Amino acid sequence: MKILNSNGISAFGGLNFVIAELDNKEIGKTLNETLPKLGAQSKYNWRDLLYSYWSVFFCGGDCAEDLSSNFKPNFSQSPKLKIPSPDRVLNQVVEANKIKSELAKAGISVNDIYDLVNTDKPYTTAIPVLLNLLQEGIEHIGIKEGIVRALAVKEAIGKASPVLIAEYNRTPKDKTLLRWAIGNTIYTTITENDVESILPIVQDKTNGMSRQMFVAALGKVKSEKAENVLINLLDDEEVTPHALEALGRMKSSKAREKITMLTNHPKALIRKEALKALKKVS
């Protein structure tokens, strides 16, 4: 390794050679490809988490807490390490193992939660386990998103929506992708009993684009109240295409006039969805 700058020499500089050799062996790549997928909003990948944790012991440390105390000033100088907090390291590993263990008790064998997301096979016995895990609380956003996506199956209809809606309401509004994923699962699990809980979500503009799939989901239930809300949402461009989809599915004759007007909208997507909806309501 060529030394470009000798200022601030650290006794931990040799760690860079160890990390470089791990990368040469593609250990970091293997970790990221093999371990449970992390959410799009995750600040750290598995390489970051495990390299940081291992580095504590490479340098004579005793526990993960050394990341935030004894070694943090030195590790932070390394261009090859991205240092998370000890809690983030430990929680992610613990939660991933907990999910695997709880599913095993229900007779479901997985390496990680995304095995369920990506399978075509039914996993009915996993549904109550996943709902319990959400209710108990999962801190890691990528793992939580995996649970949410795994619930987007017909076996969760009539069971999952109340838990998912509660999760949506307690999730910070800046976690847009997770909140959108919850709405996407609601699109599968929605029943008429869920409408009253969903209407406040779609009418609150501060929920932003995370409302989109909730709006689309309302088209799958028969509700005059939902129909009226959807017609009003045609004026909200952030969700207009989804409201058009929902009203088209409802075959809403009440919305025909506004839908017709939207066929001349300046935005191509809205025009396209309006034409599709108009064919269904005419």
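**Aromatic pair**

I looked for paired aromatic rings in this predicted model and found one pair. The partners are tyrosine 168 and phenylalanine 214, with ring centres 4.8 Å apart. I noted 70° between the planes, so I put the pair down as edge-to-face; the cut-off for that label is over 60 degrees.

Where do the two rings sit? I found tyrosine 168 in helix 9 (residues 161-170) and phenylalanine 214 in helix 12 (residues 212-217). The pair therefore ties together parts that are 46 residues apart in sequence.

Next I checked tyrosine 168: buried or exposed? It is buried, at 0% relative accessible area. Phenylalanine 214 also comes out at 0% relative accessibility, so I wrote it down as buried.

**Charges over rings**

I went back to tyrosine 168 and looked at what lies over its face. Arginine 179 is there, 3.9 Å from the ring centre. I then turned to tyrosine 187, where lysine 220 lies over the face of the ring. For that one I noted 4.3 Å to the ring centre.

**Helix 7 on helix 8**

I looked up how helix 7 (residues 126-136) packs with helix 8 (residues 141-150). The angle is about 140°, and the axes are 10 Å apart. I have the crossing down as left-handed.

Which residues make the contact? From helix 7 I listed Leu130, Leu133 and Leu134. Helix 8 brings Lys144, Ile147, Val148 and Ala150. Sorted by class, I got six nonpolar residues, one charged and no polar ones. The charged one is Lys144, because Lys counts as charged.

**Helix 13**

I asked which residues of helix 13 (residues 224-233) are buried. My list is Ala226, Glu227, Val229, Leu230, Ile231 and Leu233. For what covers them, I noted helix 11 (195-203), helix 12, helix 14 (240-250) and helix 15 (256-262) among the elements. Helix 12 had already come up as the home of phenylalanine 214.

**Serine 252**

Last, I looked up serine 252, which is in the loop between helix 14 and helix 15. I found it buried, with a relative accessible area of 1%; the cut-off is under 20%, so the label fits.

What does serine 252 touch, leaving out residues up to four places away in sequence? I wrote down Glu227, Ile231, Leu247 and Val281. Two names on that list, Glu227 and Ile231, are also on my list of buried residues in helix 13.

Note on methods:
Residues numbered from 1 in each chain as written. Predicted model: local features only at pLDDT ≥ 70, side-chain atom pairs only at ≥ 80, totals over all residues. Heavy atoms only, no water. Phe/Tyr/Trp six-rings, centres within 6.5 Å; stacked < 30°, edge-to-face > 60°. Helix = DSSP H or I, 4+ residues; strand = E, 2+ residues; numbered from the N terminus. Buried < 20%, exposed > 50% of the residue type's maximum accessible area, 1.4 Å probe, protein only. Lys NZ or Arg CZ within 6 Å of the ring centre and 35° of its normal. Axes fitted to C-alpha atoms, helices over the stretch in contact; angles between N-to-C directions. Left-handed = near helix turned anticlockwise from the far one by under 90°. Contact = heavy atoms within 4.5 Å.
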